[in-house]
Amino acid sequence: MDALDAIRLRRSVRRFTDRAVPAEQVDRLLRLALLAPTESMAQPWSFVVVRERREALAELVVGGGGEYFRVMRPRAAGASELEHAAWARGYAAQVVGGVRAAPVWIVPVLVPRETVPAPHRDRLAKHERTAALMSLAFAIENLLVAARAMGLGTLPTNFHGFREREFRELLALPPAVEAPIITPVGHPEAFPDALPPALARLRRPWRSLVHDETWGRPRDEDGPRAA
C-alpha cells in the first residue's frame with residue numbers, strides 16, 4: 001500500500017486480535033516514525049515499547065475512557081451521578097475494551113532538549129515547546145500511516161491521561177517527560193471502512209476548512225478562487 005492510500009484508509013482500530021507483531025515490524029515502525037521532521041534536529045522524543053506490561057496499560061486506558069465518557073457525555077434523564085459513572089465505565093469497556101488483546105503498545109514521549117541558547121530561553125520557551133510538540137506529532141503521524149501501510153491497526157488515544165499517576169508509575173516515566181498520545185499496535189479484527197456514524201456527523205466538509213489567500217474566505221462559499 002502506498003502512502004496516499006495509507007493516509008486515506010487509516011482508521012482508528014478498537015478491536016484487535018492477539019496475533020503477535022514481530023519485533024522486526026515494531027522496529028521498522030519506529031524507524032519510520034523517527035524520520036519525521038524536527039526543528040534544529042532537536043529530536044525531542046523517545047518511544048517506549050510496552051509488551052510485558054501491556055495488559056496493565058490497557059486497563060488504565062479502558063478505565064481512563066470511563067472517566068472521559070463520564071465527563072464528556074450528558075447524563076441520561078433521571079440518572080444519578082453514580083449511575084452515570086457506571087454507564088460510562090460500561091460504555092468504555094464496550095467501545096475500547098478490544099484494545100486489551102493488542103500485543104504491543106507504543107508510548108511516544110516528549111523529551112525536553114532545551115536547544116534554545118540560554119540567554120534566549122525564557123523569551124522563546126513557548127516557541128520551543130510548540131516546536132517540540134509538533135515534532136512529536138509528526139513522528140506519531142508517521143507511525144500511524146506506516147502501520148496502516150503494513151496492515152497493522154492503531155488507536156491514538158489520550159485516555160491514559162485520566163489515570164496519569166498510575167500511568168507514569170507503570171512506565172517509570174520521569175517528571176520531565178510527557179506522553180500526550182499513546183497507541184496499541186496489532187492486527188485488527190477488521191479495518192473499519194468508514195467513520196462511526198456519530199463521528200461522521202461531526203466531520204466538517206473539507207471546503208469549509210480551507211481559506212483562500214486570507215482568513216475568512218472559506219472555499220465552500222463560491223468554489224476555488226482564480227489566481
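Contact in these exercises means heavy atoms within 4.5 Å. The model is predicted: local features need pLDDT of at least 70, side-chain atom pairs count only at pLDDT 80 or more, and totals for chains, interfaces and linings use all residues. Residues are numbered from 1 along each chain as its sequence is written, and side-chain values use heavy atoms, with hydrogens and water left out.

**Exercise 1. Three positions in helix H5**

Task: Describe the surroundings of Arg 129, Ser 135 and Ala 139.

Solution.

Step 1. Helices are DSSP runs (H or I, at least four residues), numbered from the N terminus. Helix H5 comprises residues 121-149 and includes Ala 139; Ser 135 and Arg 129 are found in H5 as well.

Step 2. Accessibility is classed by relative accessible area: buried is under 20%, exposed is over 50%, and partly exposed is in between (1.4 Å probe, protein chains only). Ala 139 is buried because its value is 0%. Ser 135, at 3%, is also buried, whereas Arg 129 is partly exposed at 40%.

Step 3. Residues up to four places away in sequence are set aside for each contact list. Ala 139 then touches Ala 33, Ala 36, Trp 45 and Phe 47. With Ala 33, the C-alpha separation is 4.6 Å, although the two positions lie 106 residues apart along the chain count.

Step 4. Ser 135 is in contact with Ala 36, Pro 37, Thr 38, Glu 39, Pro 44 and Trp 45. The contacts of Arg 129 are Leu 110 and Glu 178. The C-alpha atoms of Arg 129 and Pro 44 are 9.5 Å apart, and the two residues are 85 positions apart along the chain.

**Exercise 2. The two faces of helix H2**

Task: Determine which residues of H2 are buried and how they are placed around the axis.

Solution.

Step 1. In H2 (residues 23-33), the buried residues are Val 26, Leu 29, Leu 30 and Ala 33.

Step 2. These residues cover an arc of only 95° around the axis, so they lie on the same side of H2. The arc is that of the directions from the helix axis to the C-beta atoms.

Step 3. An α-helix has 3.6 residues a turn, so residues three or four places apart point the same way.

Step 4. Glu 24, Arg 28 and Arg 31 are exposed on the face of H2 turned away from its buried side.

**Exercise 3. Salt bridges**

Task: Trace the salt-bridge network that contains Arg 70, and compare the accessibility of Arg 219 and Asp 212.

Solution.

Step 1. A salt bridge is a side-chain nitrogen of Lys or Arg within 4 Å of a carboxyl oxygen of Asp or Glu. The whole structure holds 11 of them.

Step 2. Arg 70 pairs with Glu 67, with closest N and O atoms 2.7 Å apart. Both residues belong to H3 (residues 54-72) and are three residues apart, about one turn of the helix. Arg 70 is partly exposed at 28%, and Glu 67 is partly exposed at 23%.

Step 3. Glu 81 and Arg 75 form a salt bridge at 3.6 Å, N to O. Glu 81 is partly exposed at 35%, as is Arg 75 at 45%. A network of salt bridges links Glu 67, Arg 70, Arg 75 and Glu 81.

Step 4. Arg 219 and Asp 212 form a salt bridge with closest N and O atoms 2.8 Å apart. Arg 219 is buried at 16%, and Asp 212 is buried at 12%.

**Exercise 4. Packing of helix H3**

Task: Classify the packing of H3 against H6 and against H4.

Solution.

Step 1. Axes are lines fitted to C-alpha atoms, for helices over the stretch in contact, and angles run from 0 to 180 degrees between N-to-C directions. H3 and H6 (residues 164-171) pack at about 165°, with their axes 10 Å apart.

Step 2. Angles under 35 degrees count as roughly parallel, over 145 as roughly antiparallel, 65 to 115 as roughly perpendicular and the rest as oblique. H3 and H6 are therefore roughly antiparallel. Ala 56, Leu 57 and Leu 60 of H3 make the contact with Glu 166, Phe 167 and Leu 170 of H6.

Step 3. The axes of H3 and H4 (residues 81-96) come within 7 Å and cross at roughly 130°. H3 is therefore oblique to H4.

Step 4. Residues of H3 that meet H4 include Phe 69 and Arg 70, and their partners in H4 include Glu 81 and Trp 87.
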